[in-house]
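These are my notes from a session with one structure. I went through its strands, a helix, two loop positions and a ligand site in turn.

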Amino acid sequence: MTCPLVMTLEKTARIARCSLTPNRPYHVQWMLTRKCNYRCKGCSVWGEQEGNELSTAEVKKGLHVLKDLGVIEIVFSGGAPLLRDDIDEILEYASRFFVTTVYDNGSLAADKIETLRKADFVAISLDTLDPKKNDFAKGVKGSWNKSMKTIETLQKEGISVSISPTISQLNVNEITSFTKYFNERNIPLWYCLYSYDTTVDSDQLFRIGKENEELNIADKDAMVKLCDSLIDLKKKNSNILVTSKLLEAIKHLYLHGERTWKCHALQNFFMIDHLGRVAGCHLRKPVASIFNLPNVWHSPEFNELRKTYNQCTQCTYLCYIFYSLHGSVLGNLQIAQDRWRTARLLLKKNSFTSLNSAKQT
Ligand code: SF4
Ligand code: SF4
């Protein structure tokens, strides 16, 4: 069984070199497709599906551009990226240079084991240990069962699987026990925070977050308590992939309504859509094609956009906050330290613990 975390020396050296180089983006999220087989309550994608997307050759060409730009980490999402027929080829190619993560809603990954061996991390979305509640949030009956079986299969197969719950009003009081449950089974967690798209640019890159009353976090005290408990849990084990710095920033936001960070969109991170268009975040308008980078990266136009995004306070998407907080050379080192600790932990894991004792209804 090959562990995907065994990186080539060339890739390790490149990541180390890029981590120490200032003024280049750390993270890219590439939304490879706008097709999806789920119907999540807080998402626009499934209602606005589109078949057009870049070809395999174009994606590979784009990956070369990202390599030249000094990008370290790529998250492949969508839509459902595993719906692409060429996902195997894309992951194999991308993982030669970048730390790669691929997202799945839990319905497709179990049938793509050999493909997923080519990624460094696989993130499965699952929001709760309550099957009915999960199925409600995902809009698909049986989604909870599918995700749990997928997680079990991936772990058994030695794939570096992590769980990605979206924290919302539906589960804010359960996330601590949810985290402990998977921590005990040696499965790491990376959280998302329910947020919805507001208009910052009318022609935004990629509509995702749909407003939903039931998901909106109204109980701010519960959110503060959750941050405290995750900070505490993080001290005891390294299966929580977000940093304490991020959790402290979220706690401060919910406690005082103030941001302790400036947004670093189009600086530390940016997004690419299924058509190869580039934007600072998915709520911003496309400002280039992937094929115009890296030349425009240092242009006066991009510098002006960065200043605007720097002042923006329109969203609380957790990954944008994370990469805004951790974009400097020091931030890169903090992420690297966290990641390597996790990598060591995953490499050490040797036994599968059944997930089937979770609550069944
Ligand atoms: S959140 Fe993800 S899995 Fe759910 S409908 Fe949207 S794109 Fe699909
Ligand atoms: S805060 Fe940053 S990531 Fe969020 S909408 Fe504004 S520019 Fe985009």
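**Entry 1: strand β2.** I began with β2 and asked how much of this strand is covered. β2 is mostly covered, with five of its five residues counted as buried. I note that the model is a predicted one. I then looked at the two faces of β2 separately: E73, V75 and S77 lie on one side, I74 and F76 lie on the other, and all are buried.

**Entry 2: from β2 to β3.** I looked up the pairing of β2 with β3 and found four bridges in the parallel sense. Within this pair I recorded that V75 stands opposite T101 of β3. I followed the chain between the two strands as well: β2, helix α3 (residues 87–94) and β3 form a β-α-β unit that is right-handed.

**Entry 3: from β2 to β1.** I turned next to the pairing with β1, where five bridges join β1 to β2 (residues 73–77) and the strands run parallel. The connection passes from β1 through helix α2 (residues 56–69) to β2, and I record this β-α-β crossover as right-handed. For the register I noted two positions: H27 stands opposite E73 in β2, and M31 stands opposite S77.

**Entry 4: β1 itself.** Why do I describe β1 as largely enclosed by the rest of the structure? Five of the five residues of this strand (residues 27–31) are buried, so the description follows. I checked the side-chain directions too: H27, Q29 and M31 point one way, V28 and W30 point the other way, and all of them are buried. β1 also pairs with β8 (residues 269–272), through four bridges and in parallel. There I found F269 as the bridge partner of H27.

**Entry 5: helix α5.** Which residues of α5 (residues 131–138) are buried? I listed N134, A137 and K138. Looking down the axis of α5, I found that its buried residues fall within an arc of 90 degrees, so they line one face of the helix. The buried residues of α5 pack against α6 (143–156). After α5 comes G139, and I noted that its phi is positive, near 70 degrees.

**Entry 6: two loop positions.** I looked up K112, which lies in the loop between β3 (99–104) and α4 (113–116). Is K112 buried or exposed? K112 has 21 C-beta neighbours inside 10 Å, and because the cut-off for a buried residue is 20 or more, I count K112 as buried. I also recorded that the C-alpha atoms of K112 and L82 are 8.1 Å apart, with these positions 30 residues apart in sequence numbering.

I then turned to V287, in the loop between β9 (277–279) and β10 (288–289). V287 has 19 C-beta neighbours inside 10 Å, so I enter V287 as partly exposed. Leaving aside residues up to four places away in sequence, V287 touches V278, A279 and L305. The C-alpha atoms of V287 and F302 are separated by 8.4 Å, and the two residues are 15 apart along the chain.

**Entry 7: the ligand site.** Last, I asked which residues lie around ligand 1. I listed C36, Y38, R39, C40, C43, V45, W46, G78, G79, A80 and N105. I sorted this shell by class and obtained seven nonpolar, three polar and one charged residues.

Key
Residues numbered from 1 in each chain as written. Chains lettered and ligands numbered in written order. Predicted model: local features only at pLDDT ≥ 70, side-chain atom pairs only at ≥ 80, totals over all residues. Buried ≥ 20, exposed ≤ 12 C-beta atoms within 10 Å, placed from the backbone. Pairing = 2+ DSSP bridges. Right-handed = clockwise from strand over helix to strand, strands pointing away. Near = placed C-beta within 6 Å. Nonpolar A, V, L, I, M, F, W, Y, C, P; charged D, E, K, R; others polar. Arc of directions from axis to C-beta. Contact = placed C-beta atoms within 7 Å.
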